[in-house]
Amino acid sequence: MPKPVDVEASITPPGSRIGKNLSANWLTRRTLVSASAATLALTIAVTPAGAGEDDDDTIELVKRLTGKTPAVSDRLRLSMPATFPNGYTVPLGIEVESPMTESDHVRYVRIVAPRNPLIEVATFHFVPERSLPHVSTRIRLAEPQFILALAELSNGALLMTKTWVDVATNGCA
Amino acid sequence: MVPVTPRVQVPSSVTRGEVFQVKALVGHKMETGLRRDNEGHVIPRDIINKFVCRFNGIAVFSADLHEAVSANPYLEFYLRATESGRLEFVWYEDGGGVYSLAHQLVVD
């Protein structure tokens, strides 16, 4: 769902095409419809379809999956291309800032693709002093969507980040 | 049937405590169980569902893989070692198949 369009703010006065003599009542149905359509198209281009999956929905999904309330954090980085020509082998990289000591480490990082037919992608488990929370792999995406990364720390906190990925073909069929 | 072919890239020696990169790839179709054959029958799921890397018998990194991991699953990860030892890489397939590779890591 695209974000609601603020009609008043987004309509550009017709300017040169219609001229200033219409300025008093330029807000006709035609201008309204065409301007809305243009703005709608623009909105879709700028905020990709599905961007309406707002943070509340995302947090609700994460709560259902993990039983925890995630905290959006930039300590957890999810690197993926913003657009990718096929959905079969989309590169994915994750990295978490962590000392990886016994008392302060990342237990796991879990990847979820909420718009895939099966939303679980992978979970990576780390061991303090032994491995770093830094992994790259390649994944399948059925359609353009937000990919979620969740990192559980040794103190039980759950970090979350998400990134929009646009794929041109369905990688799950 | 294409043979399942695991491959790993690890440095042969590292210095004590140094972080080193591991690249692990296994040739596998990762059949999702979502596709149908020409007659409309569902092609059963057949994926590598787990990967474990052990050092001297203790798991140091592992991954649960689901249908959304690409065919020929590739993992790049980072380890640290403080003593020489045996690195073992194991891939677990649906239906019980297990594929593994081992590598002797020298820590200076």
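This is a short tour of a predicted two-chain model, stop by stop.

**Stop 1: chain B alone**

Hide chain A and colour chain B by secondary structure. You will see 8 strands and 0 helices. Step through the sequence and the pattern reads β-β-β-β-β-β-β-β. Turn the chain along its principal axes: its C-alpha atoms fill a box of roughly 60 × 20 × 20 Å. Now colour by burial. Of the 108 residues in chain B, 27% are buried. For a contact map, take pairs at least 6 apart in sequence; 55% of those contacts in chain B join residues at least 24 apart.

**Stop 2: where the chains meet**

Bring chain A back. Select the contact residues on both sides: 27 in chain A and 25 in chain B. Which strands of chain A each supply at least two residues to the side that touches chain B? They are E6, residues 120–126, and E7, residues 131–139. E7(A) gives the largest share, with 8 residues. Colour this side of chain A by class. It holds 14 nonpolar, 8 polar and 5 charged residues.

**Stop 3: a strand pair across the chains**

Select E6(A) and residues 58–65 of chain B, which form strand E5(B). The two strands run antiparallel and are joined by 5 bridges. Pick out His125(A) and look across to E5(B). Ser62(B) stands opposite.

**Stop 4: a sheet built from both chains**

Next, select six strands and follow them in order: E2(A), E4(A), E7(A), E6(B), E3(B), E1(B). They form an open sheet with antiparallel pairing. Strands of a sheet pair through backbone hydrogen bonds, so switch to a backbone display here. Which strands stand at the edges? They are E2 of chain A, residues 76–79, and E1 of chain B, residues 5–9. Each has a single partner strand, so one side of each lacks a neighbour in the sheet. Look along the sheet for its twist. Ignoring direction, neighbouring strands are turned by 15 degrees against each other on average.

Zoom in on the chain A edge. E2(A) pairs with E4(A), residues 90–96, in the antiparallel sense over 4 bridges. Label Arg77(A) and find its bridge partner in E4(A): Glu95(A).

**Stop 5: strand E5 of chain A**

Select residues 106–112 of chain A. This is strand E5(A), and it is mostly covered, with 5 of its 7 residues buried. Show E8(A) beside it. The two run antiparallel and are joined by 6 bridges. Val106(A) stands opposite Leu153(A) of E8(A). Now show E6(A). E5(A) and E6(A) also run antiparallel, joined by 5 bridges. Here Ile111(A) has Ala122(A) as its bridge partner.

**Stop 6: the nonpolar core**

Finish with the largest nonpolar core, which has 56 residues. Which residues have the most contacts inside it? Select Val109(A), Val121(A), Ala149(A), Leu150(A) and Ala151(A). Strand E8(A), residues 145–153, supplies the largest share of this core, 6 residues.

Centre the view on Val121(A). Set aside its neighbours within four places in sequence. Within chain A, Val121(A) is in contact with Ile111(A), Val112(A), Ala113(A) and Ile139(A). Across in chain B, the contacts of Val121(A) are His66(B), Ala68(B) and Val69(B).

Methods:
Residues numbered from 1 in each chain as written. Chains lettered and ligands numbered in written order. Predicted model: local features only at pLDDT ≥ 70, side-chain atom pairs only at ≥ 80, totals over all residues. Contact = placed C-beta atoms within 7 Å. Nonpolar A, V, L, I, M, F, W, Y, C, P; charged D, E, K, R; others polar. Pairing = 2+ DSSP bridges. Axes fitted to C-alpha atoms, helices over the stretch in contact; angles between N-to-C directions. Core = buried A, V, L, I, M, F, W, Y, C linked by C-beta atoms within 7 Å. Buried ≥ 20, exposed ≤ 12 C-beta atoms within 10 Å, placed from the backbone.
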